[in-house]
Every structure is written in structure tokens, then in C-alpha cells.
Amino acid sequence: MEKLVIKKDDVLVDEMPIDKQVFTIGRDTESDLQLNDPSVSRHHATIKRIYTDLYIEDLGSTNGTQLNGRTITKHVLKAGDQLVIGSFLLDMVAEAPEEEEADLDKTVVIQPEAVAAARASQAKPVRKLLPKSATLRFFRGPNKGNLEKIDRSLYTIGKPGENVAVIARRPQGFYLLHIGGSSFPRINDKEIDSKGGVQLQEGDVVEVGEFMAEISFATK
């Protein structure tokens, strides 16, 4: 699980796990992380968990939110990042999950039929080819007529401050996730649930605000 290491004037103040889907930061007493200082707005920023990714969003604070030395409105947050909120410095740390201890006292009795079935399945393994890369063909919006290859783990579609979504590349494939805006993205003219993301299939048509594109995959 990820956590924030909070410092002020190079002095460690606290450590706080990011254990909610929406984690609030501000001077308000109801904030998940309360930073009681005039330099921090009452409702300063939020950290949202979408699928397995975290996103930091400034809520129109007076002094703004800085990520790795840059003022941001909304951005992906990952281990090693450093946030500046008011007079506080927040280091993003990812804690490694504890390894489950092996139980050496348990013995499993395997019947001969099960052994034969396992060997048969190993003899002819079934391999599912997963996409290695993806390409978007835009036919509406500012990128109309363009082909764009998705060559990074997160590809953003939309306009900042309006409707925004990302295509996240995962080991299992490519997923469309809603990031911001009053309207959810659509796949094949169907609005998607933003919480877990939706896996994209060959030929799906994605709509985010005024942007519309068709996605295709390559396995090599």
C-alpha cells in the first residue's frame, strides 16, 4: 500500500497510508490528511485511486499544488514523487506487501487421475496472445485523421479542465479509465463505469468529449 511521508521544515511530521479510493488533503478537520497551516486551503487537493493507479488533483487551492517542482492541476502519482502543499513536503512511498508464509505442515493427496490430467494439460499449453501495442485512428476532434501509437503506460485523451480519460496499458491488455469531467467516456456508444475501467477490444470506438477514435492492437 502507498503512503505519504509528511515533512515540514525538514522535520518529519507524520506518515499516512492512502487507504481510501478518494483521499482528501486540506486544512479542514474532516480531511483524511489534515495539514493545519494557513498556507494550506481548507479543501486543497484529493488523491483518487482508479484501478491500480493514483491521481493527485488540486481543488483550486490558493497556493496551488506542486509535483516534483511543477505546479499541476491533475496528474498521475507514483512512488518516489514529491508533493509540495503549502509549507509541507509530502513524499510518496510504496510499501512492499508482506509475503505470505508458506505452510509446510499441509499435505495434499493427489489422485492418479488428477496427475494424468495435469500432465495432459501441460503437454498442450494454451497460450493467449496479449496485445503488445495499440494504435488510435482519430476521426473526430482536433486529432481527426491522425494515427497515434500508444507507446507508454498511460495515454491521455481529452482536454484539461474538460472531459479527460486515459488508456492504461496493463499485462492483461489496454483499459479505458475516466479521469475528469462531467461526462463519462463511451465505448461503442455505451457509457462506461469509471471506477474499475473497461478493457478495450480490437476495433472498439472510444469517445471522450469531442474526441473519437478507433483502437487496434498488435501482438508483436
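Rings of Phe, Tyr and Trp (its six-membered ring) count as a pair if their centres lie within 6.5 Å. All views below are taken from a predicted model.

**View 1. Aromatic pairing between strand 12 and strand 21.** Two aromatic pairs occur in the structure. One of them is formed by phenylalanine 138 and phenylalanine 211, with ring centres 6.4 Å apart and planes at 75°. Planes over 60 degrees apart count as edge-to-face, so this pair is edge-to-face. Phenylalanine 138 sits in strand 12 (residues 133-140), and phenylalanine 211 sits in strand 21 (residues 211-218). The two rings therefore tie together parts of the chain that are 73 residues apart in sequence. Both partners fall under the 20% limit for burial: phenylalanine 138 is buried at 2% relative accessibility, and phenylalanine 211 is buried at 8%.

**View 2. Alanine 218 and serine 133.** Alanine 218 belongs to strand 21. Its relative accessible area is 30%, so it is partly exposed. Along the chain, alanine 218 and serine 133 are 85 residues apart. In space, their C-alpha atoms are separated by 5.4 Å.

**View 3. The whole protein chain, for orientation.** The chain has 220 residues, and 35% of them are buried. Its secondary structure consists of one helix and 21 strands. Take the contacts between residues at least 6 apart in sequence: 38% of these join residues at least 24 apart. The accessible surface is about 13,800 Å². Carbon and sulfur atoms account for 49% of that surface.

**View 4. An open sheet of five strands.** The strand order is 4-3-5-6-9, and the pairing is mixed. Strand 4 (33-34) and strand 9 (74-77) are the edge strands, each pairing on one side only. Strand 9 pairs with strand 6 (residues 53-58) in the antiparallel sense, over four bridges. Within this pairing, tyrosine 55 has valine 76 of strand 9 as its bridge partner.

**View 5. The largest nonpolar core.** In soluble globular proteins, nonpolar side chains tend to be buried together. Here the largest such core holds 20 residues. Leu4, Ile25, Leu33, Leu35, Ile47, Leu77 and Leu90 touch the most other members. At least two residues each come from strand 1 (2-8), strand 3 (22-26), strand 5 (45-50), strand 6, strand 10 (82-85) and strand 11 (88-94). Strand 11 gives the most, with three residues. Apart from this core lies another one, of 18 residues, including Ala134, Ile167, Ile192 and Val206.

**View 6. Contacts of leucine 4.** Residues up to four places away in sequence are not counted here. Leucine 4 touches Ile18, Phe23, Ile25, Leu33, Ile47 and Leu90, among others. Its contacts also include Asp14, Glu15, Met16, Asp91 and Met92.

**View 7. The salt bridge of glutamate 15 and lysine 3.** The whole structure contains 14 salt bridges. In this one, the closest N and O atoms are 2.8 Å apart. Glutamate 15 lies in strand 2 (residues 11-17) and lysine 3 in strand 1, so placed that the pair links distant parts of the chain, 12 residues apart. Glutamate 15 is partly exposed, at 39% relative accessible area. Lysine 3 is buried, at 14%.

**View 8. Glutamate 57 and its salt-bridge network.** Glutamate 57 is part of strand 6. Its relative accessibility is 19%; the limit for burial is 20%, so glutamate 57 counts as buried. Its salt-bridge partner lysine 48 stands at 3.6 Å, N to O. Lysine 48 is partly exposed, at 30% relative accessibility. Through shared partners, salt bridges join Lys48, Glu57 and Lys74 into one network. Neighbours within four places in sequence aside, glutamate 57 is in contact with His44, Ala45, Thr46, Lys48, Thr73 and Lys74.

**View 9. The salt bridge of aspartate 81 and lysine 78.** The two side chains meet at 3.7 Å, N to O. Aspartate 81 is buried, at 5% relative accessibility.

Definitions and conventions
Residues are numbered from 1 along each chain as its sequence is written. This is a predicted model: local features need pLDDT of at least 70, side-chain atom pairs count only at pLDDT 80 or more; totals for chains, interfaces and linings use all residues. Side-chain values use heavy atoms; hydrogens and water are left out. Buried means under 20% relative accessible area, exposed over 50%, partly exposed in between (1.4 Å probe, protein chains only). Contact means heavy atoms within 4.5 Å. Accessible areas come from the Shrake-Rupley method with a 1.4 Å probe; for residues, only the protein chains shown count as cover. Two strands pair if DSSP finds at least two bridges between them. Rings of Phe, Tyr and Trp (its six-membered ring) pair if their centres lie within 6.5 Å; planes under 30 degrees apart count as stacked, over 60 as edge-to-face and the rest as tilted. A nonpolar core is a set of buried Ala, Val, Leu, Ile, Met, Phe, Trp, Tyr and Cys residues joined through side-chain atoms within 4.5 Å. A salt bridge is a side-chain nitrogen of Lys or Arg within 4 Å of a carboxyl oxygen of Asp or Glu.
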